[in-house]
Amino acid sequence: MPGGLIIQWGSAPDDNVAKNFPVAFPNACFVIVASANPTGNYTADMSAEAVSRFQYRLLCGDAAGNNTGFWIAIGA
């Protein structure tokens, strides 16, 4: 995108384990947002954390690792 902006998205288990972005951001991940699988069995909110320009993790306030969350990240 203009100015080198990169948008990535995907899905992963909500197991609080750092996972690699499909493509490492050259400088930084500016924001990452997560959403619970609408067919999952959630009783809590899903969140995401950019660990580095290479990795992220998904977290759920409910029991971890039981469902898949969706995420979208923006960086450059």
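Buried means under 20% relative accessible area, exposed means over 50%, and partly exposed is whatever falls in between, using a 1.4 Å probe and protein chains only. By that yardstick Asn16 is partly exposed, because its relative accessible area is 39%. Asn16 sits in the loop between β1 and β2. Leaving aside neighbours within four places in sequence, Asn16 is in contact (heavy atoms within 4.5 Å) with Arg57, Leu58 and Leu59. Its C-alpha atom is also separated by 9.3 Å from that of Glu49, a residue 33 places away along the chain.

A word on the ground rules: this is a predicted model, in which local features need pLDDT of at least 70 and side-chain atom pairs count only at pLDDT 80 or more, while totals for chains, interfaces and linings use all residues. Residues are numbered from 1 along each chain as its sequence is written, and side-chain values use heavy atoms, with hydrogens and water left out.

Now for the chain as a whole. Its secondary structure comes to zero helices and six strands; both kinds of element are DSSP runs numbered from the N terminus, helices being H or I with at least four residues and strands being E with at least two. Read from the N terminus on, the elements simply go β-β-β-β-β-β. Of the 76 residues in the chain, 28% are buried. Among contacts between residues at least 6 apart in sequence, 70% join residues at least 24 apart. The accessible surface (Shrake-Rupley method with a 1.4 Å probe; for residues, only the protein chains shown count as cover) comes to about 4400 Å², and 56% of that belongs to carbon and sulfur atoms.

The strands turn up in sheets, where two strands pair if DSSP finds at least two bridges between them. One open sheet has three strands in the order β1-β6-β3, with antiparallel pairing. Its edges are β1 (6-13) and β3 (29-36), each with a single partner strand, so one side of each has no neighbour in the sheet. From one strand to the next, the twist averages 20°, with axes taken as lines fitted to C-alpha atoms (for helices over the stretch in contact) and angles running from 0 to 180 degrees between N-to-C directions. Between the antiparallel strands β3 and β6 there are seven bridges, and Ala36 has Gly69 as its bridge partner in β6.

Strand β6 covers residues 68-75, with Ile74 among them. Ile74 counts as partly exposed because its relative accessible area is 29%. Neighbours within four places in sequence aside, Ile74 is in contact with Leu5, Ile6, Ile7, Phe25, Cys29, Phe30 and Val31. As for Ala28, 46 residues away along the chain, its C-alpha atom is separated from that of Ile74 by 8.8 Å.

Another open sheet of three strands has the order β2-β5-β4, again with antiparallel pairing. Here β2 (19-20) and β4 (46-50) take the edges, and each has a single partner strand, so one side of each is left without a neighbour in the sheet. Strand β5 (residues 55-60) pairs with β2 in the antiparallel sense over two bridges. Asn20, for instance, has Gln55 as its bridge partner in β5.

On the surface, Met1, Leu5, Ile7, Trp9, Phe30, Val31, Val33 and Ile72 make a nonpolar patch of about 790 Å². Patches are built from residues with over 30% relative accessible area and no salt bridge, joining like charges within 9 Å and nonpolar side chains (Val, Leu, Ile, Met, Phe, Trp, Tyr) within 5 Å. β1 and β3 each supply at least two residues of this patch, and the largest share, three residues, comes from β3. Ile7 is found in strand β1 and is partly exposed, because its relative accessible area is 34%.

Then there are the charged pairs. Side chains of opposite charge can pair when their charged atoms come close. The structure holds two salt bridges, a salt bridge being a side-chain nitrogen of Lys or Arg within 4 Å of a carboxyl oxygen of Asp or Glu. One links the side chains of Asp15 and Lys19, at 2.5 Å from N to O. Asp15 is partly exposed, with a relative accessible area of 29%, whereas Lys19 counts as buried at 15%. Arg57 forms a salt bridge with Glu49, where the closest N and O atoms are 2.8 Å apart. Glu49 is partly exposed, with a relative accessible area of 34%.
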